[in-house]
Amino acid sequence: MERSDDIVKQVVVFLLVPGHSMMSLTSAVEPLRALNRLVGSDAYEWRLASLDGAPVEASNGISLPAGPLEPALEGASALFVCGGLRIQLADERAHLAALRKAARRPLVLGALSTGAYLLARAGLLDGYRCTIHWENRPAFREEFPDLACSAAVFEIDRERMTCSGGTAAMDMMLRLIADRFGADHARFVANQFHHERIRAAGDEQRGGSQEALALLP
């Protein structure tokens, strides 16, 4: 674990798309905030971004302020695309171009929930394992049959990180915290949110038909 006086701040950018999931976003941001409080240092900084810096409305109708993507990426170590109910965007081509440009930086690229669609359509998941919300997985696999899309709650494959959305974003961030600061710190952060068990990348989603199958002998 890094000592508090040796901690180097890591900047995480969240690209908000219209109709993004507020649950996924907060589940990703709040563990970072709690970790900062635990270590008494700004180990993480998070920035909310949109392509043009305009506010973005989440699926619940709440509008969040955001800064322009390009300046937000300065000094960043990771960029996560925050998806939601919409998998087709009116300005999708602009988003794809921005993601391909961002991929030329030394960044980890990730997605929350249906944000994986944008990474896949930009060709940025080719050769990587990924995952997506169980509700979208059949259609996603049909559109991208060559991608290794699992039913896991989250996937970390080298410099690509995807999660199935909702509270799975918390599990993914807790994994990053454990890798950097140790399992004890990750458990402390999880306990702050009454998150009783930190799910591993190998844990599968329990939703849709999987939920029904789990009850069978």
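This report describes the overall build, the surface and one sheet of a predicted model.

## Overall build

The chain contains eight helices and 11 strands. Its radius of gyration is 17 Å, close to the 17 Å that the globule rule gives for 217 residues, so the chain is as compact as a globular protein of that length. Measured out along the principal axes, the C-alpha trace spans about 50 × 50 × 35 Å.

Many contacts link distant parts of the sequence: of those between residues at least 6 apart, 67% join residues at least 24 apart.

## Burial, surface and charge

Of the 217 residues in the chain, 51% are buried. The chain exposes about 10500 Å², and 52% of this area comes from carbon and sulfur atoms.

The side chains include 23 positive and 27 negative ones. The centre of the positive set and the centre of the negative set lie 2 Å apart.

## The seven-stranded sheet

Seven strands form an open sheet with mixed pairing. Their order across the sheet is E5-E2-E1-E6-E7-E11-E10. The edges are strand E5, at residues 67-68, and strand E10, at residues 154-157. Each of these two strands pairs on one side only.

At the E10 edge, the partner is strand E11, which covers residues 160-163. E10 and E11 run in the antiparallel sense and are paired over four bridges. Within this part of the model, Glu155 stands opposite Thr162 of E11.

Technical notes:
Residues numbered from 1 in each chain as written. Predicted model: local features only at pLDDT ≥ 70, side-chain atom pairs only at ≥ 80, totals over all residues. Heavy atoms only, no water. Rg over C-alpha atoms; globule rule 2.2 N^0.38 Å. Buried < 20%, exposed > 50% of the residue type's maximum accessible area, 1.4 Å probe, protein only. Contact = heavy atoms within 4.5 Å. Areas by Shrake-Rupley, 256 points an atom, 1.4 Å probe, with all protein chains shown as cover. Lys, Arg positive; Asp, Glu negative; His and termini not counted. Charge placed at Lys NZ, Arg CZ, Asp CG, Glu CD. Pairing = 2+ DSSP bridges.
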